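Trainee: I would like a close look at a single part of this model. Please take the helix, and show me how it sits in the rest of the chain.

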Amino acid sequence: MQYLVYETAVEYESSGQFLGDIRQAVQDLKREDPRLHHYSLADFSVQKGKRTVNVKLYFQPKN
């Protein structure tokens, strides 16, 4: 299976804000990249940085 992977950095203030920022990043990517029209978010990983949280978004083809 072929995944498309995108990376972004998100500031962490609260869990609700953090999840909202990830949702917004997914929406923005889908709007900007036409390839993602046929993909859905499959998974994501997070890694704490000094000032932000680094997020990798993994998209897989829709069934």
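**The helix and its surroundings**

Mentor: Start with contacts across the chain. Of the contacts with a separation of 6 or more, 52% are between residues 24 or more positions apart. Keep in mind that this is a predicted model.

Now the layout. The chain has 1 helix and 3 strands. Read along the sequence, their order is β-α-β-β. The chain has 63 residues, and 24% of them are buried. Its C-alpha trace spans about 35 × 20 × 15 Å along the principal axes.

Next, the helix itself. α1 covers residues 15-32. That is 18 residues, reaching 26 Å from the first C-alpha to the last. At 1.5 Å a residue, the expected span is also 26 Å, and α1 comes close to that.

Which residues of α1 are buried? They are F18, I22, A25, V26 and L29. Why do they belong together? They lie on the same side of α1, because they cover an arc of only 95 degrees around the axis. On the other side, G16, R23 and R31 are exposed. So α1 has a buried side, set by that arc of 95 degrees, and an exposed one with G16, R23 and R31.

What does the buried side face? The buried residues of α1 pack against β1, β2 and β3. Take these strands in turn. β1 runs over residues 4-10, and β3 over residues 53-61. The two pair in the antiparallel sense, over 7 bridges. Within this pairing, A9 stands opposite N54 of β3. β2 covers residues 39-48 and also runs antiparallel to β3, with 9 bridges joining the two. D43 has Y58 of β3 as its bridge partner. S45 is likewise bridged to K56 in β3. β2 and β3 form a hairpin, with 4 residues between them. β3 therefore has a bridged partner in β1 and another in β2, since two strands pair if at least two bridges are found between them.

Helix and strands come together in the largest nonpolar core. This core has 14 residues. L36, V55, L57 and F59 have the most contacts inside it. β1, α1 and β3 each supply at least two of the core residues. α1 gives the most, with 5 residues.

L57 is a good place to look in detail. Setting aside residues up to four places away in sequence, L57 touches I22, A25, V26 and L29. Those four are among the buried residues of α1. The contacts of L57 also include L4, V5 and Y6, along with L41, D43 and F44. Residues 4-10 make up β1, and residues 39-48 make up β2. Trace the contacts of L57 on the model and you pass through several of these elements.

Now the two ends of the helix. Before it comes E11, in the loop between β1 and α1. E11 counts as partly exposed because its relative accessible area is 49%, and the exposed class begins over 50%. E11 touches Q17, D21 and T52, leaving out residues up to four places away in sequence. E11 and D21 are 10 residues apart in sequence, and their C-alpha atoms are 8.5 Å apart.

At the far end, look at E32 and D33. E32 belongs to helix α1. Is E32 buried or exposed? E32 counts as exposed because its relative accessibility is 64%. Its C-alpha atom is 17 Å from that of K56, which is 24 residues away along the chain. D33 is in the loop between α1 and β2. D33 counts as buried because its relative accessibility is 12%, and the limit for buried is under 20%. The side chain of D33 also makes a polar contact with the side chain of R35, at 3.0 Å.

To sum up the part you asked about: α1 packs its buried residues against β1, β2 and β3, and it gives 5 residues to the largest nonpolar core. G16, R23 and R31 stay exposed on the other side.

Note on methods. Residues are numbered from 1 along each chain as its sequence is written. This is a predicted model: local features need pLDDT of at least 70, side-chain atom pairs count only at pLDDT 80 or more; totals for chains, interfaces and linings use all residues. Side-chain values use heavy atoms; hydrogens and water are left out. A nonpolar core is a set of buried Ala, Val, Leu, Ile, Met, Phe, Trp, Tyr and Cys residues joined through side-chain atoms within 4.5 Å. Buried means under 20% relative accessible area, exposed over 50%, partly exposed in between (1.4 Å probe, protein chains only). Contact means heavy atoms within 4.5 Å. The expected span of a helix is 1.5 Å times one less than its number of residues. The arc is that of the directions from the helix axis to the C-beta atoms. A polar contact is a pair of N or O atoms within 3.5 Å; within protein, one must be able to donate a hydrogen and the other to accept it, and residues adjacent in sequence count only if both atoms are side-chain atoms.
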